Amino acid sequence: MLDEFVWGRVSRISPEAPVPVVQVTGESYYPGGAANVARNLREFTPSVMLMGVTGDDEHADRLLHLLTTMSIDVSSVQRDASWRTAVKTRIIARQQQVVRVDRERPGTPSASCMERFTADLRRTVPLVDAIIVADYGKGVLRQTLADEICALANEHGKLLAVDPNPGNPIEWRNVSVIKPNRLEAFHALGQAAGHHDGAEHDRTVLHEVGERLLDQWHAQMLLLTLGEEGMMLFERGQRPYHTPTRAREIFDVSGAGDTAMAILTLALTCGASPTEAAEIANTASGIVVGKLGTAAVTPADLAQAFRIQV
């Protein structure tokens, strides 16, 4: 995806409808979706490869140029003329989002595109330290591809982290860690997402949901993200571990889940314990929601945050 930000100021209400008139002062573009996960990874490691599908259009040109300037390997990104590159346009005025406009056409990439994708996947998996699957439910990730990813990761002993999508009911098997949010977790069990303001009943329900999903997805770990309530880590044979939110100010939640997924996987790959990785990912998310726009956390940001906490 391509994230487009239109910046401006509001001085009046439109005479045509009760909406603000935004005087545009600037525009900026960032990698979005799975590309934003890659961007967050790139802040900490020189070697990041991105796989996915774009259209053969001007938005893909801009997105791939952005990623290339960040030294992210896009050689395995497939351009498909039958596809449309997704663009999320956010109009910002007075440090607040006025409206978001989505231009996308979810569907199924061509058979030849997916054949190239699978061939690149088989070639790449043996070369990497870890794999992150960020599912935005746009049509690329189907059960057959998910099965292939899981099989390759297990065959080559690679850490596999998954950020699932509630609208795309993939049956994951034998993943290292899976990171649903509250809505996605309840949706995966066919339930409405209950919320009881952090009460004891809510914690009991969350514990049950986490344990059931560990079994359902055959995952080694599950990190349940809870927004303003922080995160809850589930491991087989361990008591659930809750880490409260580290956010001090919230300007924009765009991409916070991408940051958590990237930093969690990085920490685990570098040998952090699951609870250490959860704490680091939670802190990183708290930093990024304090930035306006689709932001990435940096090593300096993290170091400063932990100095403050200590």
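## Exercises on a predicted model

Arg 90 stands opposite Arg 100, a residue of strand S6. The model is predicted. Work through each task with the structure in view.

**Exercise 1. Find the strand that pairs with S6, and give the direction of the pairing.**

Solution.
- Step 1. Start from strand S5, residues 87-93.
- Step 2. Count the bridges: 7 of them join S5 to S6.
- Step 3. Compare the directions. S5 and S6 run antiparallel.

**Exercise 2. Give the order of the strands in the open sheet, then say which strands stand at the edges.**

Solution.
- Step 1. Write down the order of the 4 strands: S2-S1-S5-S6. The sheet is open, and its pairing is mixed.
- Step 2. Look for strands with a single partner. These are S2 (20-31) and S6 (96-103).
- Step 3. Draw the conclusion. Each has a single partner strand, so one side of each has no neighbour in the sheet.
- Step 4. Add the twist. From one strand to the next, the average is 20°.
- Step 5. Add the helix. H2 (residues 58-69) packs on this sheet and touches S1 (2-13), S2, S5 and S6. The direction of H2 makes about 55° with that of S2.

**Exercise 3. Classify Val 98 as buried, partly exposed or exposed, and find the patch that holds Val 98.**

Solution.
- Step 1. Locate the residue. Val 98 lies in strand S6.
- Step 2. Read its relative accessible area: 36%.
- Step 3. Apply the cut-offs. Under 20% is buried and over 50% is exposed. Val 98 falls in between, so Val 98 is partly exposed.
- Step 4. Find the partners. Val 98 forms a nonpolar surface patch with Val 99 and Val 101. Together they have about 190 Å² of accessible area.

**Exercise 4. Describe the salt bridge of Asp 61 and say where its two ends sit.**

Solution.
- Step 1. Name the partner. Asp 61 pairs with Arg 79, and their closest N and O atoms are 2.8 Å apart.
- Step 2. Test the distance. The cut-off is 4 Å, so the pair qualifies as a salt bridge.
- Step 3. Place the ends. Asp 61 is in helix H2, while Arg 79 is in strand S4 (residues 73-80). The two residues are 18 residues apart and link distant parts of the chain.
- Step 4. Check the exposure. Asp 61 is partly exposed at 41%. Arg 79 is partly exposed at 31%.

**Exercise 5. Decide whether Arg 182 and Glu 229 are buried or exposed, and describe how they are linked.**

Solution.
- Step 1. Describe the link. Arg 182 and Glu 229 form a salt bridge, with the closest N and O atoms 3.0 Å apart.
- Step 2. Place the ends. Arg 182 belongs to helix H5 (residues 182-188). Glu 229 belongs to the loop between strands S10 (221-225) and S11 (231-235). They are 47 residues apart.
- Step 3. Classify. Both residues are buried.
- Step 4. Set another pair beside this one. Glu 171 and Arg 173 meet in a salt bridge at 3.6 Å, N to O. Glu 171 is partly exposed at 36%, and Arg 173 is partly exposed at 34%.

**Exercise 6. State how many salt bridges the structure holds, and name the residues of the network that includes Arg 100.**

Solution.
- Step 1. Give the total: 14 salt bridges.
- Step 2. List the network. Salt bridges link Lys 88, Arg 100, Asp 102, Glu 104 and Lys 138.

Note on methods: Residues are numbered from 1 along each chain as its sequence is written. This is a predicted model: local features need pLDDT of at least 70, side-chain atom pairs count only at pLDDT 80 or more; totals for chains, interfaces and linings use all residues. Side-chain values use heavy atoms; hydrogens and water are left out. Two strands pair if DSSP finds at least two bridges between them. Axes are lines fitted to C-alpha atoms, for helices over the stretch in contact, and angles run from 0 to 180 degrees between N-to-C directions. Contact means heavy atoms within 4.5 Å. Patches are made of residues with over 30% relative accessible area and no salt bridge: like charges are joined within 9 Å, nonpolar side chains (Val, Leu, Ile, Met, Phe, Trp, Tyr) within 5 Å. Accessible areas come from the Shrake-Rupley method with a 1.4 Å probe; for residues, only the protein chains shown count as cover. A salt bridge is a side-chain nitrogen of Lys or Arg within 4 Å of a carboxyl oxygen of Asp or Glu. Buried means under 20% relative accessible area, exposed over 50%, partly exposed in between (1.4 Å probe, protein chains only).
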